[in-house]
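Biologist: I would like to learn how to read a model of this kind, feature by feature. Could we begin with the charged pairs and then go on to the packing of helices?

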Amino acid sequence: MRTREGGRIVDEAAVIARVRAGEPEAYAELVRAHTGIALRAARALGAGADAEDVVQQAFFKAYCSLGRFRDGASFRPWLLSIVANETRNTVRTAGRQRSLADREAALVEAEPLIPPSADPAVAALEIERRVALMGALEKLSEAHRLVVTYRYLLEMDEPEAAAALGWPRGTVKSRLSRALRKLGRLLPEFEPGGALGRGEGGDEGE
């Protein structure tokens, strides 16, 4: 598989099998392929300046737990679930609440979306939209904030998001739908089809 970060693992299962068979250096291939998205996840979920430490610890725990990794599963959502847990533990232990400005700065630094050649007015508008979006995300419940972050900010498809969050796909779909509707109310001028993609249908049963 080819990751969004440009890393390339032709056969992820084979790499995992090599690590399990006693070739620990093969694990570096997994680290290289998934470090980028792991850092974005940690920062988006509130790790801030501790993101690198969180990701390093997550990779270490994933390595130690690789014997329990389910054959045939995708490594990325499994790793990101560990990153999410590590981020929660880090924030909780430190007793910190990352500010909106910290999260926004971390996201912009981690994933620049505005090319240097962009019109300054357009770039300013995009930054303003992202700041407003992050502010609105802060007002959502943790479950809704997580599903929006995984599905759109980390660009995971629905099955991956479900695996990473440990939720059934139907739950991902319904919570995402409700989260997007809340974002729409918080940001009347915000169009989900623009920065976050199209809203998806779902039940109202939660």
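Modeller: Let us start with Arg20, which in this predicted model forms a salt bridge with Asp71, the closest N and O atoms being 2.6 Å apart. The two partners belong to distant parts of the chain, since Arg20 sits in helix α1 (residues 12-20) and Asp71 in the loop between α3 and α4 (75-94), 51 residues apart.

Biologist: Are Arg20 and Asp71 buried, partly exposed or exposed?

Modeller: The idea is to take the relative accessible area of each residue and to call it buried under 20%, exposed over 50% and partly exposed in between. Arg20, with a relative accessible area of 36%, is therefore partly exposed, whereas Asp71, at 62% relative accessibility, counts as exposed.

Biologist: How many salt bridges does the count come to, and which residue forms a salt bridge with Glu160?

Modeller: The criterion is a side-chain nitrogen of Lys or Arg within 4 Å of a carboxyl oxygen of Asp or Glu, and by this rule the count comes to seven salt bridges. Glu160 is paired with Arg76, the closest N and O atoms being 2.5 Å apart. Because Glu160 lies in helix α8 (residues 158-165) and Arg76 in helix α4, the pair ties together parts that are 84 residues apart in sequence. As for accessibility, both Glu160 and Arg76 are buried.

Biologist: What is the distance between the closest N and O atoms of Glu142 and Arg88?

Modeller: For the salt bridge of Glu142 with Arg88, the closest N and O atoms are 3.7 Å apart, a value to be read against the 4 Å cut-off. This pair, too, links distant parts of the chain, with Glu142 in helix α7 (residues 142-153) and Arg88 in helix α4, 54 residues apart. Glu142 counts as partly exposed at 41% relative accessibility, and Arg88 counts as partly exposed at 30%.

Biologist: Which residues are linked in a network of salt bridges?

Modeller: Here one looks beyond single pairs, and the residues linked in a network of salt bridges are Arg18, Glu23 and Glu29.

Biologist: Helix α4 has come up twice, so I would like to look at another charged residue there; which residues does Glu86 touch?

Modeller: Glu86 is found in helix α4 and, with a relative accessible area of 9%, is buried. Leaving aside residues up to four places away in sequence, Glu86 touches Val54, Gln57, Ala58 and Lys61.

Biologist: Turning to helix packing, at what angle do the axes of α2 and α3 cross?

Modeller: One reads the separation of the axes together with their angle, and for helix α2 (residues 27-44) and helix α3 (residues 51-64) the axes come within 9 Å and cross at roughly 135°. That angle makes α2 oblique to α3, because only angles over 145 degrees would count as roughly antiparallel and only those from 65 to 115 as roughly perpendicular. The crossing in which α2 passes α3 is right-handed. On the α2 side the contact is made by Tyr27, Leu30, Val31, His34, Thr35, Ala38, Leu39, Ala42 and Arg43, and on the α3 side by Ala51, Glu52, Val54, Val55, Phe59, Ala62 and Tyr63. By character, the residues of this contact of α2 with α3 divide into twelve nonpolar, two polar and two charged.

Biologist: How far apart are the axes of α7 and α8, and which residues make the contact?

Modeller: The axes of α7 and α8 are 9 Å apart, and the two helices pack at an angle of about 135°, so that α7 and α8 are oblique to each other. Here again the passage of α7 across α8 is a right-handed crossing. The contact is made by Leu146, Val147, Tyr150 and Arg151 of α7 and by Glu158, Ala161, Ala164 and Leu165 of α8, and its residues divide into six nonpolar, no polar and two charged.

Biologist: Why is α7 described as largely enclosed by the rest of the structure?

Modeller: The description rests on counting buried residues along the helix, and since nine of the twelve residues of α7 are buried, α7 is largely enclosed by the rest of the structure. Among them are His144, Thr149 and Arg151. After α7 comes Glu155, whose phi is positive, near 55°.

Biologist: How many helices and strands does the protein have?

Modeller: There are ten helices and zero strands. Of the 206 residues of the protein, 44% count as buried. Among contacts between residues at least 6 apart in sequence, 67% join residues at least 24 apart.

Definitions and conventions. Residues are numbered from 1 along each chain as its sequence is written. This is a predicted model: local features need pLDDT of at least 70, side-chain atom pairs count only at pLDDT 80 or more; totals for chains, interfaces and linings use all residues. Side-chain values use heavy atoms; hydrogens and water are left out. Axes are lines fitted to C-alpha atoms, for helices over the stretch in contact, and angles run from 0 to 180 degrees between N-to-C directions. Helices (H or I, at least four residues) and strands (E, at least two) are DSSP runs, numbered from the N terminus. Angles under 35 degrees count as roughly parallel, over 145 as roughly antiparallel, 65 to 115 as roughly perpendicular and the rest as oblique. A crossing is left-handed if the near helix is turned anticlockwise from the far one by less than a right angle, and right-handed if clockwise. Contact means heavy atoms within 4.5 Å. Ala, Val, Leu, Ile, Met, Phe, Trp, Tyr, Cys and Pro count as nonpolar, Asp, Glu, Lys and Arg as charged, and the others, Gly among them, as polar. Buried means under 20% relative accessible area, exposed over 50%, partly exposed in between (1.4 Å probe, protein chains only).
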